[in-house]
Amino acid sequence: MLDTDVLTKHFFEHCGKVPRIFSAPGRVNLIGDHTDYNDGFALPIAIGKRTVVAAAPRADRQIAVSSSSVAEKAVIELDGRAWVRRGNWVDFVEGMVRTLESRGLRIPSADLLVDSDVPIGAGLSSSAALEMSVGLALVSLAGDASLSPRALALAAQSAEQVYVGTQCGIMDQLVAALGRQDQALLIDCRSLATTDVPCALREASIVICDTKVKHDLAGSAYNDRRRECESSVSAMRVRRPDLRALRDLSPEELDLHGEVLTDALRRRCRHVVHENARTLAAAQALAEEDLAQFGRLMVASHDSLRSDYEVSCAELDLAVEVAIAVSGVYGARMTGGGFGGCTVTLVRNEMVDELSERLRRSFHDRFQRHPDIFAVRASEGMKEHARTGA
Ligand code: GLA
């Protein structure tokens, strides 16, 4: 966890003001990937790695934003000036500003200083952590209590779609808003209803393996997958005119109506439809502390993401293959959008060291790479931190 006292001190040195401090977490999705934009189910946890924003009002109609870890500084002019995509992290900030403005929030002029220990572009949702921490800061400085956490999450999703260009679903922003300590969040991505599922594992750990690989096509391939799902739904309307989203199909209905699809599209749909069923079953298994069943569903999920949805890669497959061969591992899978990033493994506590060692060795032997391996716990969502003074 970042030291908010240090951030407060830096802010004071640069701006001469004592800031308010806000933060939002990264996330790990335990199961339910590429389901959110199909109106389906996901089961993420917020993690202890967070993006923190120090914020204080200023007098002109500008947002001045800088980062402790990246050199760029930027000034965002308020009140509807023309917007130009910068192609860097500031787009997320400006996206939040413009989106909240367009939803009627009178954005206050502000200095913002951002810091984060969420690994960037690793599939742990550094984007949503940035959007939500900035969003919470802006809404709080504006003194506007009318925007619910769900509405803020929807604004952040829209900011990312419009101002960054990723046609993301709602999972990351929602868990950044609503995650709770020791609880996984079962999300119904159609109604946005959420259910806390107890996840204070006593005998098991959730271990992340960050392959530190990011494949170039990740962004465009993500959008392609989304389009493939939408065109499958359109094609199947010949058979079921009322079909809204893949969420509405059971595996049996997909077998029936999927005849109108190409083989590739049928496999995409098979992933989504079965992943929804797996996610609901996994939430139930977690609630019943049936980790063996949970682990089996994780492995089935990875297989499906690899062979039907085709969003895995050699490094993720190796991390899963190595993990599930370690005794005491319940299950492992890639997590998030894919094409690189992280795997998540559920493992008995006493086998964490052995798992880490085997992953390190295998990565070194096969790819001459050094993954980052660390355990996470289900942590709290976005919040304002208590004032400590400069
Ligand atoms: C990314 C997106 C999410 C979700 C996942 C895959 O993290 O931002 O909305 O679609 O990929 O589950």
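This passage describes the two domains of a predicted model and the place of its ligand.

The protein is divided into domain 1, which covers residues 4-191, and domain 2, which covers residues 204-376. The C-alpha centres of these two domains lie 26 Å apart, and 35 residues of domain 1 are in contact with 41 residues of domain 2.

With regard to the ligand, the pocket that holds it is the largest pocket. Because domain 1 and domain 2 both give residues to the shell around the ligand, the ligand lies between them. The residues of this shell, taken here as those with a heavy atom within 4 Å of the ligand, are R27, D33, H34, D36, Y37, C168, G169, M171, D172, Y222, G336 and G337. In terms of chemical character, the shell divides into four nonpolar, four polar and four charged residues.

Oxygen atoms of the ligand are found in polar contacts with several of these residues, on the backbone as well as on a side chain. A polar backbone atom of H34 is 2.7 Å from an oxygen atom of the ligand, and a backbone N or O atom of G169 lies 2.9 Å from an oxygen atom of the ligand. In the case of D172, by contrast, the atom concerned is a polar side-chain atom, which lies 2.7 Å from a ligand oxygen atom. The ligand taken alone exposes 300 Å², and the protein buries 92% of that area.

Note on methods
Residues numbered from 1 in each chain as written. Predicted model: local features only at pLDDT ≥ 70, side-chain atom pairs only at ≥ 80, totals over all residues. Heavy atoms only, no water. Polar contact = N/O pair within 3.5 Å; in protein donor to acceptor, adjacent residues only side chain to side chain. Areas by Shrake-Rupley, 256 points an atom, 1.4 Å probe, with all protein chains shown as cover. 1 Å grid on protein atoms, 1.4 Å probe; cavity = no way out; pocket = protein on both sides within 12 Å on 5 of 7 lines; lining within 4 Å. Sits in = over half its atoms within 2 Å of the grid points. Nonpolar A, V, L, I, M, F, W, Y, C, P; charged D, E, K, R; others polar. Domains from an automatic or database assignment. Contact = heavy atoms within 4.5 Å.
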